[in-house]
Amino acid sequence: AKRDGGNRVRMFRQEMGEQALARQRDRTDLRAAIEGGELVVHYQPIVDLATSAVAGAEALVRWQRPGVGLLGPDAFIGLAEETGLIVPLGEKVLQAASEQAVRWHAEGRCLGVTVNVSTRELATPGFLPRLERVITTAGLAPSRLTIEVTESVWADEPAMRTLVSVRDAGIRVALDDFGTGYSSLSYLQRYPFDVVKIDRSFTGALGRNGRTEGVIRCIIALADVLGAKTVAEGIETPEQADWLRDAGCSYAQGYLFGRPADAASWHAHSSAASPG
Ligand code: C2E
Ligand code: CA
Ligand code: CA
Ligand code: CA
């Protein structure tokens, strides 16, 4: 029995070693990908529910990994956050999105652009000056940029302080995935947000869970009281869109209006309201 135990420990150690190696390789690859231009930014339309016009676009990062294919953010954002690579990664996405918004503007499409920012990025010293340098270089007005943060920001004091100065600089702030983290009414009233994004788990339950309608109405009323706009995420059916419009939600995002797509496919559909 003793020997078996020893073998198991050795096997366990070997596995751990292999995992650590794989992680090390992923980290090296991700760093090279950020520097070597393997990150691709897709854009998903944000639609004004009252007019059906496209009001803006959310930038969503992908990794075009050689020999693997197009990876979604869930495959590498966690690693980027753990290793600190989220800082250079976030800067690339911000740069690409800012340049794209300026290009759209030049083409006569007045679209705001929205970029996801991790709490870890906000907590890194120098976030705001770096952000301002990127958008100034691109020629993007601060008011046309929205950064999306999650409720986890409330647990991080340095990140929270940065967020306040970001908003003072005229950049809009959206609270992403609202209601899925540790929501706090006290933080909500103390730190103003411009936009509250209603998470897909709520809109997806419309018509399925009896309590959902009441909860969504409350989120919209709460945002209203706080002077924030609402964006409903994950809209897949016309029924969901109709219900949300009637409930007073301002904007919506989802496969019904358009999947995230590269900027080239937005051009291909330049006469249409949104990419396919
Ligand atoms: P998120 O910010 O909540 O983004 C919305 C996610 O829902 C996107 O997944 C989008 O493709 C997906 N989605 C949009 N409409 C629908 C719909 O109608 N139905 C369904 N089922 N899904 C829909 P994606 O692109 O895989 O992004 C996942 C998450 O990765 C994002 O969630 C965001 O938290 C994070 N992320 C993406 N890009 C960045 C980035 O540049 N920086 C950081 N820090 N995080 C990012
Ligand atoms: Ca988001
Ligand atoms: Ca979200
Ligand atoms: Ca999410």
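**View 1. N116 and the calcium ion (ligand 2) in the predicted model.** N116 has a relative accessible area of 30%, so this residue is partly exposed. The OD1 atom of N116 is one of the protein donors of the calcium ion (ligand 2). The other donors named here are E58 (OE), E148 (OE) and D176 (OD), and the donors lie 2.1 to 2.3 Å from the ion. Along the chain, the spacing of these donors reads E-x57-N-x31-E-x27-D. E58 belongs to strand 2 (residues 54-65) and N116 to strand 4 (residues 112-116); the pair is 58 residues apart and links distant parts of the chain. E58 counts as buried because its relative accessibility is 4%.

**View 2. D176 between the calcium ions (ligand 2) and (ligand 3).** D176 coordinates both ions, which are 3.9 Å apart.

**View 3. D177 and the calcium ions (ligand 3) and (ligand 4).** D177 is a residue of strand 6 (residues 172-178). The calcium ion (ligand 4) has its protein donors in D177 (OD) and D177 (OD), at 3.0 Å. D177 also coordinates the calcium ion (ligand 3), and 3.7 Å separates this ion from the calcium ion (ligand 4).

**View 4. Surroundings of T119 in helix 4.** Helix 4 spans residues 119-123 and includes T119. T119 counts as buried because its relative accessibility is 13%, under the 20% limit. The side chains of T119 and S152 are joined by a polar contact of 2.8 Å. Apart from neighbours within four places in sequence, the residues in contact with T119 are T150, S152, V153, D156 and A159.

Methods. Residues are numbered from 1 along each chain as its sequence is written. Chains are lettered from A and ligands numbered from 1 in the order in which they are written. This is a predicted model: local features need pLDDT of at least 70, side-chain atom pairs count only at pLDDT 80 or more; totals for chains, interfaces and linings use all residues. Side-chain values use heavy atoms; hydrogens and water are left out. Donors are N, O and S atoms within 2.8 Å of the metal (3.2 Å for Na, K and Ca); water is not among the atoms, so sites may look incomplete. Helices (H or I, at least four residues) and strands (E, at least two) are DSSP runs, numbered from the N terminus. Buried means under 20% relative accessible area, exposed over 50%, partly exposed in between (1.4 Å probe, protein chains only). A polar contact is a pair of N or O atoms within 3.5 Å; within protein, one must be able to donate a hydrogen and the other to accept it, and residues adjacent in sequence count only if both atoms are side-chain atoms. Contact means heavy atoms within 4.5 Å.
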